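Biologist: Can you walk me through this model? I'd like to begin with a sheet.
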Amino acid sequence: MAPKFLSSTRNERSGKGVPEKEENAEGSQAKAMYSVTGMTCSACSGQVERALRQLPGIQDAVVDALSNRAQVTFYPALINEETIRETIEDVGYQATMIQDHQTNAKSTQMCRIRINGICTSCSTAVESALQALRGVLMAQVASADEEAQVHYDPKMVSYKELLEAIEDTGSVAILITTGYMSKLQLKVDGVCTDHSMRLIENSLRSLPGVQDIVIDPTLNKFSVSYKPDVTGPRNFIQVIESTGSGRYKAMIFPEGGREVHEKEIERNYRSFLWSLVFAIPVFLTSMVFMYVPGLKHGLDSNVVNMLSVGEILRWALSTPVQFVIGRRFYTGSYKALRRGSANMDVLIALGTNAAYFYSVYSVLRAAASKDFKSTDFFETSSMLISFILLGKYLEISAKGKTSDAIAKLMDLAPETAILLTLDCEGNVITEEEIDSRLIQKNDVIKILPGAKVASDGFVIWGQSHVNESMITGEARPVAKRKGDTVIGGTVNEDGVLHVEATQVGSESALSQIVQLVESAQMAKAPVQKFADRISKYFVPLVIILSFSTWLSWFLAGKFHRYPKSWIPSSMDSFELALQFGISVMVIACPCALGLATPTAVMVGTGVGASQGVLIKGGQALESAHKVNFIVFDKTGTLTVGKPVVVNTRLLKNMALQEFYELVAATEVNSEHPLAKAIVEYAKKFREDEENPTWPEAKDFVSITGHGVKAIVRNKEIIVGNKSLMLDQNIAIPSEAEDMLAETEAMAQTGILISIEGELAGVLAISDPLKPGARDVISILKSMKVKSIIVTGDNWGTANSIAKEVGIETVIAEAKPEQKAEKVKDLQASGNIVAMVGDGINDSPALAAADVGMAIGAGTDIAIEAADIVLMKSNLEDVITAIDLSRKTFSRIRLNYIWALGYNLLGIPIAAGALFPSIGLRLPPWIAGAAMAASSVSVVCCSLLLKNYRRPKKLDGLEMQGVTVE
């Protein structure tokens, strides 16, 4: 089965939640996710966050302007989702609650919930709401995938309470799977009456496995909760279409992910084009036609007193731009100011209104006077709005490209699949091409050469090679035969395979990877707080600076503090001061600061995913670039992780087959790599080598880091290391001691076996070192990163491996808690520590480290505890992860330097700092164009990370794994 790539965030692991008293007083929490359109920067998201947090019953609110999502954690007893949505819209942005994704479960159940339109900040709020519920062990919300995964104790909390918790945050939660229940949304065409709805509902409820049905009559949508092992989407569609005698047509309800973003791009593009229709004529009549003799005379012709034709034309053309096309800025400003805050819309509205209404005053005065020659700035307001709309269009387009990695991952899934119907003997009866989303658990799918594998599952017939590079990064095709697992989205190369589906839809490895990447792109890096703090005060400060600039220039002109020659012939001192004030207001850009971190994190995590390095969020990226100490586990990390028994010495008079039957029966219950090696070796002494049946083991106990013990055939069997035998008061003869010393000297692991309290044998197990491990340690040293080994293996083997790879510091025979303690000791010394491991016994250390890196072939628990998953199981990817994080944060620093530098230089220039010396003056519309360009440039700077290439030092390493026969 594919490993579980989705994991909790750092905050989840740290156990943060709501105090028990508060929870008792206000009831269980809920989370809601909203799609919020119209935000441009961290100032906008901060404004929404502040408005939400002021509401009673809000536990937390996280808003992300980049992904246009808001995640709110709240108490349903005090506030509901609709109130939260209305609050967001009152601030000035359009909010839509996102549907829940999925819920899945185990004994400690895991549910998946669909949350449509959720943003990065919203996901944090939803996570907080879920984590605050009693019985919730872990909550992970992936904004890009619009899905939440929650691990919970069903005895303490139900999936309905989880849904309520999410919806209480303001998001729409749709259960996909919970426990053994999945959820599916169907759109049914041809339904006209309530009677038809009830007829379809009754037909669906009659199916075995259907648990619940929720109907949305406005969308003709049926949400069906069901047991995936009993029924599935194909059955639902067949029942619906047979119910209406062909009148009804059912399909899986379309998800509006990318379409929403594309519509937003189209809407901004259309607004920009309409603004040009009016702004270009205004610009031409103001700046170009005045220098064309014939046209100049016509435009200067007076209509009423000193009111000219050109002024009337410019007034008429700029008015639709100001009040119709620019209406969004008024709406946003009104809602922001009503909440007692200011955003970018306020700056734009103030700047354009100052230019527009002064121009209106000027032309009206000209119309009423016979000697007043007016000067208007209609081109300033219309051109300024046009350039800002252009900037928004380019910014949204560029922001969309930062999530290309997710789009590419989602495109790996094939659109169709060939469904086979088999008879009782396994012979194919029929073949049918179906939508791949209609695959159900236990379906048998035919995979042709060159086709994509449609679902996770295992091969029941055929042989082939499968290219898994798009999922695992493994370059070489992997041989597949009966019994082998396959991953959905990979490519079958040279043979036909029949695959039985085991994990479908959101349960698949591909979906989980997409969820992880989406969640990572939503998670804020701590460095983002810097921009959030600045944006809180940025807009009010700019308004003060703008007013001060206007007042300073106006007073200087009124009291003749500068020569009259500085004033352009077409203006007076008031108008010059007004232009400087407007330029300051519109050149300032908080958006660039707000985009500096999230765009780089989004691109960086996407690039990592394409290279087989799954980084779980901005926190992991930020910590990884500071790492100066790496703690390596040995087995499966520095070594191949496929140990083999190379020597056996019996200390008791018994048959080797009997000896290995007892040992294998004990070890078959363990997941440890050494146990698997022993069981695999024991198969050689059995005739039924493929699937042997071992004697029953009773009272099995696993002593983590030491070994196992059980009762087999009424005999107490203990298998483990030397310390376990000493703890069990089992004497170790000198012959066994000598063999242990020999194995350790050869970097092998010695395993002792006790039968009925007496040492019966010693096994020597060898685990080959991964190719290139020594080179990786050497490269890390050149990157000023120190390495140590902490392993549960014996000192002799650990020292031998350390010497071979070039590591000086070794800690052996360490229990899981001792590994975590060593990590904490290094952290206490001021080091930023990364832990690289693959086993259950590594998970405490992975969680304790600043950055936990799990080998992708490791256990689910280790992968869930880690911050970074190395999917190719190659040590070289440790270097790639650290190097990528350093490159990403170098890009973030560059973004901040540009964003801060732009404002620190641009504002003084717009205020006229260079006007006295060199006569440089920025007209407001040019200042507005510069403001728009600053945001686009930051996004483009982040997009350059797409060109990332791993360090050249790694190109020569052959680390694609070794085969152990």
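Modeller: Sure. This is a predicted model. One open sheet has three strands, in the order β21-β20-β23, and the pairing is antiparallel.

Biologist: Which strands stand at the edges?

Modeller: β21 (478–480) and β23 (491–492) do. Each has a single partner strand, so one side of each is left without a neighbour in the sheet.

Biologist: How many bridges join β20 to β21?

Modeller: Three. Strand β20 covers residues 464–467, and it runs antiparallel to β21. For one pairing, H465 has A479 in β21 as its bridge partner.

Biologist: New topic. Which residues touch the most other members in the largest nonpolar core?

Modeller: I630, F632, L780, M853 and I868. That core has 103 residues. Helix α32 (residues 876–910) gives the most to this core, with twelve residues.

Biologist: What does I630 touch, not counting residues up to four places away in sequence?

Modeller: I630 touches L780, V785, K786, S787, I788, A834, V836, V878 and I882. There is also a second, separate core of 43 residues, and A32, I79, I88 and A165 are among them.

Biologist: Now I200. Where does I200 lie?

Modeller: In helix α7, residues 194–205.

Biologist: Is I200 buried or exposed?

Modeller: Buried. The relative accessibility of I200 is 1%, and the cut-off for buried is under 20%.

Biologist: What is I200 in contact with, leaving aside neighbours within four places in sequence?

Modeller: V188, V191, F222, I240 and Y248. As for E241, it is 41 residues from I200 along the chain, and their C-alpha atoms are separated by 9.2 Å.

Key. Residues numbered from 1 in each chain as written. Predicted model: local features only at pLDDT ≥ 70, side-chain atom pairs only at ≥ 80, totals over all residues. Heavy atoms only, no water. Core = buried A, V, L, I, M, F, W, Y, C linked by side-chain atoms within 4.5 Å. Buried < 20%, exposed > 50% of the residue type's maximum accessible area, 1.4 Å probe, protein only. Helix = DSSP H or I, 4+ residues; strand = E, 2+ residues; numbered from the N terminus. Contact = heavy atoms within 4.5 Å. Pairing = 2+ DSSP bridges.
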